[in-house]
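Please look at the structure below. This report covers its aromatic rings, its cavities and its backbone.

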Amino acid sequence: MKVITFILSLVLMAPAFADDENPAKQLLLKMADAVHNRNFDASFVVVKGKSMEPYRWLHAKQGNTELEHLSLLNGAGLEMVRIDSQVTYFEPQSEPYSIDTDSIAGPIPEVLFKDIERLSQHYDFVLGGKGRIAGRAAQLVRIESKDEYKFNYWLWLDAESSLLLKSAYVNHDGEMIEQLQLTHISVTEEPAALLLEMLNRKFPTPLPTTAISQRKASSSSNNWQIGWLPDGFSLLKSDRHKLDLNNELTDYYLYSDGFVEVSIFVQRPLPGRRPSGALSSGATTVYVHNSGSFDVSVVGNIPATTAKAIAESVARPL
């Protein structure tokens, strides 16, 4: 009887022990540490269907200061610079601007370089097989959604440096619908010269978060009722502004589950009734729902069925 009781106690204790020692989770934490503390110069491409976006990504730790530079190499270009907790964006046909944040808003989800524990309630961390990416030994780690409303996210990590070599959004049929693939990476002892030059550059003063914008955000959130969202999503921001595309006034809501962000736009119907429907580019879905008296657009790295359900749940407050 004592033996049975002992075995039962081990079984009951196993889930907590396994979570603490989850090897997939530990590898993700090692990757985050490597990204923040190593000096590297990497090139990667983001593949969405037939389209391909090339980037260059540099990072360094100079004393206690983190330096990071991410640039889109095609078209008019896009440049993002981070010095510790200030990020500056240089966008085509716009004045550069800075914001107070410790992460660049790029094609890699920011939470991967932070504390991923916040994802544990809605995602599982699973160790996959080993392979070879960009000529380097790699270990697969899968971030698996606990429901069917979100995509899974797979990462291949460098066995030597723990840095990211490849990642992909994967649907629940196991198909990769968007991939990020490193084409080159070099880990160095010294920071790249480009990053050291950033220390001598003058950047715009970070944009302030004013009390007025906060009041706008809280008041606009009462204009519409978002009836359904997948578990774990909470409101990050809401406001009312005009869209650059058509100068139409819209109510805007930004939700996140810590990993995926979903934007919701609600506005009056545009001239010419359009049928509801979805467009997708890689993992990004744009779903437009025409309710008759107003239009709803949902944008995010989520399945089209999820975007449709969110859009159709929007209603005027009772």
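Over which ring does the charged end of R142 sit? The ring is that of W154, and the charged end of R142 lies 5.7 Å from its centre. Keep in mind that this is a predicted model. A second contact of this kind involves K166. Its charged end sits over the ring of W156, 4.8 Å from the centre.

**Aromatic pairs**

Searching the whole structure gives 13 aromatic pairs. One of them joins Y89 and Y97. This pair is stacked, with 5.4 Å from centre to centre and 25 degrees between the planes. Y89 is buried, because its relative accessibility is 6%, under the 20% limit. Y97 has a relative accessible area of 27% and is partly exposed.

Another pair is made by Y149 and W228. Their ring centres are 5.1 Å apart. Their planes meet at 75 degrees, so the pair counts as edge-to-face. Where do the two residues lie? Y149 is in the loop between β8 (136–145) and β9 (152–158). W228 is in the loop between β12 (225–226) and β13 (234–242). The pair therefore ties together parts that are 79 residues apart in sequence. Y149 is partly exposed, at 31% relative accessible area. W228 is also partly exposed, at 28% relative accessibility.

The two pairs are set out here.

| Pair | Centre to centre | Angle between planes | Class |
|---|---|---|---|
| Y89 and Y97 | 5.4 Å | 25 degrees | stacked |
| Y149 and W228 | 5.1 Å | 75 degrees | edge-to-face |

Aromatic residues also gather in a group. F40, F44, Y55, W57 and F113 form one aromatic cluster.

**Cavities**

How many cavities of 30 Å³ or more does the whole structure hold? The search finds 3. The largest contains about 160 Å³ of space. It is lined by 16 residues, and those closest to its centre are W57, E68, I104, I108 and F113. W57 and F113 belong to the aromatic cluster as well. Elements that give two or more residues to this lining are α2 (23–37), β2 (51–62) and β3 (65–72). The greatest share comes from β3, with 3 residues. By class, the lining of the largest cavity has 7 nonpolar, 4 polar and 5 charged residues.

The second largest cavity has a volume of about 50 Å³. Its lining includes V46, P107 and Y153. S167, A168 and Y169 are also part of that lining, as are E178, Q179 and L180. β10 (164–170) and β11 (176–188) each supply at least two of the lining residues. This lining divides into 6 nonpolar, 2 polar and 1 charged residues.

**Positive phi**

Most residues other than glycine have a negative phi. Which value does phi take at D84? It is near 55 degrees, a positive value in a residue other than glycine. D84 is found in the loop between β4 (78–83) and β5 (86–90). With a relative accessible area of 32%, D84 is partly exposed.

Q93 has a positive phi too, near 60 degrees. Its place is in the loop between β5 and β6 (97–100). Is Q93 buried or exposed? Q93 counts as exposed, because its relative accessibility is 87%, over the 50% limit.

Terms used:
Residues numbered from 1 in each chain as written. Predicted model: local features only at pLDDT ≥ 70, side-chain atom pairs only at ≥ 80, totals over all residues. Heavy atoms only, no water. 1 Å grid on protein atoms, 1.4 Å probe; cavity = no way out; pocket = protein on both sides within 12 Å on 5 of 7 lines; lining within 4 Å. Points joined across faces, edges and corners; volume = space filled by probe spheres on them. Helix = DSSP H or I, 4+ residues; strand = E, 2+ residues; numbered from the N terminus. Nonpolar A, V, L, I, M, F, W, Y, C, P; charged D, E, K, R; others polar. Phe/Tyr/Trp six-rings, centres within 6.5 Å; stacked < 30°, edge-to-face > 60°. Buried < 20%, exposed > 50% of the residue type's maximum accessible area, 1.4 Å probe, protein only. Lys NZ or Arg CZ within 6 Å of the ring centre and 35° of its normal.
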